[in-house]
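Please work through the following exercises with the sequence and the structure at hand. Each task is followed by a solution that proceeds step by step.

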Amino acid sequence: MSEFWIYFQIGLKHVLDIHAYDHVLFLIALAIPFSFKDWKRIVLLVTLFTIGHTMALLLSVFGIIAIKVNVVELLIPITILITALFNLFTAGKSSKKESINLVFFITLFFGIIHGLGFSNYFKSILGGDAVSKIIPLSEFALGIEAAQIVVVFVVLILSYIVQTVFRFSKRDWTLVMSAFIIGVVIPLIIESEIWIR
């Protein structure tokens, strides 16, 4: 049980690390268009993101996929930017089933990209062969899922307060938060090491 708690905590800290806030920014971008009545949809999105994240770690642990760290570190803020831009262009519009299915697929794909960003660290903290890493990886994934649900829950509470107490419309809340996220990630993209030759 103590080993489970170790990897579960690593998963929690991976998401909630204040210095690596890109994961939280992505979750905020993912959650802001939703409210508590959409809880099933948002939990599904978060779970798909975790599945993508875990798939990337598995593929990396077994040596099936390898990608340069600086490429992933550029792709991560790009995924956040795309999600925030999607929110800007769809804010206030009725959600169509096709766009929801697209969001599900994109969330899974973005989970894979974010997982690749963590794969080198994950491999370095675990010794042994690839098969022996499967159980710690599962425990780590549960920690990620728990932390993501906490972040999304906090976003939904803030959304509720802003919309009921301060009388922001759902559309305005989505626009303001998406614009804020875009303002945070554009410098991350510009300052990426990939541009330095």
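The exercises below treat charged pairs, a loop residue, the nonpolar core, a surface patch and aromatic pairs in a predicted model.

**Exercise 1. Charged side chains**

Task: Determine how many salt bridges there are, and describe the partners of D38.

Solution.

Step 1. Side chains of opposite charge can pair when their charged atoms come close. A salt bridge is counted here when a side-chain nitrogen of Lys or Arg lies within 4 Å of a carboxyl oxygen of Asp or Glu. With this rule, three salt bridges are found.

Step 2. One partner of D38 is K37, with the closest N and O atoms 3.7 Å apart. Residues count as buried under 20% relative accessible area and as exposed over 50%. D38 has 12% and is therefore buried, whereas K37, at 68%, is exposed.

Step 3. D38 also forms a salt bridge with K170, at an N to O distance of 3.8 Å. This pair links distant parts of the chain: D38 belongs to the loop between α2 (22-31) and α3 (39-61), K170 belongs to helix α7 (residues 170-190), and the two are 132 residues apart. K170 has a relative accessible area of 31%, so this residue is partly exposed.

Step 4. Taken together, K37, D38 and K170 are linked in a network of salt bridges.

Step 5. A further salt bridge joins D172 and R171, where the closest N and O atoms are 3.5 Å apart. Both partners are partly exposed: D172 has a relative accessibility of 33%, and R171 has 44%.

**Exercise 2. A residue in a loop**

Task: Locate S35, state whether S35 is buried or exposed, and find which residues S35 touches.

Solution.

Step 1. S35 is placed in the loop between α2 and α3.

Step 2. The relative accessible area of S35 is 18%, so S35 is buried.

Step 3. When residues up to four places away in sequence are not counted, S35 touches L156 and K170. The C-alpha atoms of S35 and K170 are 8.8 Å apart in space, although the two residues are 135 apart in sequence.

**Exercise 3. The nonpolar core**

Task: Describe the largest nonpolar core, and state which helix gives the most to this core.

Solution.

Step 1. The largest nonpolar core has 50 residues, and F122 and I181 have the most contacts inside it.

Step 2. At least two residues of this core come from each of α1 (2-16), α2, α3, α4 (69-90), α5 (97-125), α6 (134-164) and α7. The helix that gives the most is α6, with nine residues.

Step 3. The surroundings of F122 can then be listed. Leaving aside residues up to four places away in sequence, F122 touches L57, V61, P136, L137 and F140.

**Exercise 4. A nonpolar patch on the surface**

Task: Identify the residues that make the nonpolar surface patch, and state where the largest share comes from.

Solution.

Step 1. The patch of about 850 Å² is made by F36, F153, I157, Y160, I161, V165, F166, F168 and V176.

Step 2. α6 supplies the largest share of the patch, namely four residues.

Step 3. I157 serves as an example. I157 lies in helix α6, and with a relative accessibility of 33% I157 counts as partly exposed.

**Exercise 5. Aromatic pairs**

Task: State how many aromatic pairs the whole structure has, and classify the pair of W5 and F8 and the pair of F26 and F110.

Solution.

Step 1. Seven aromatic pairs are found in a search of the whole structure.

Step 2. The ring centres of W5 and F8 are 5.5 Å apart, and their planes stand at 20 degrees, so this pair is stacked. W5 and F8 are three residues apart in helix α1, which means a separation of about one helical turn. W5 is partly exposed at 44% relative accessibility, while F8 is buried at 14%.

Step 3. F26 and F110 form an edge-to-face pair, with 5.9 Å centre to centre and 70 degrees between the planes. Because F26 lies in helix α2 and F110 in helix α5, the pair ties together parts that are 84 residues apart in sequence. Both F26 and F110 are buried.

Step 4. Finally, ring pairs link F26, F49, F109 and F110 into a cluster.

How values were computed: Residues are numbered from 1 along each chain as its sequence is written. This is a predicted model: local features need pLDDT of at least 70, side-chain atom pairs count only at pLDDT 80 or more; totals for chains, interfaces and linings use all residues. Side-chain values use heavy atoms; hydrogens and water are left out. Buried means under 20% relative accessible area, exposed over 50%, partly exposed in between (1.4 Å probe, protein chains only). Contact means heavy atoms within 4.5 Å. A nonpolar core is a set of buried Ala, Val, Leu, Ile, Met, Phe, Trp, Tyr and Cys residues joined through side-chain atoms within 4.5 Å. Patches are made of residues with over 30% relative accessible area and no salt bridge: like charges are joined within 9 Å, nonpolar side chains (Val, Leu, Ile, Met, Phe, Trp, Tyr) within 5 Å. Accessible areas come from the Shrake-Rupley method with a 1.4 Å probe; for residues, only the protein chains shown count as cover. Rings of Phe, Tyr and Trp (its six-membered ring) pair if their centres lie within 6.5 Å; planes under 30 degrees apart count as stacked, over 60 as edge-to-face and the rest as tilted.
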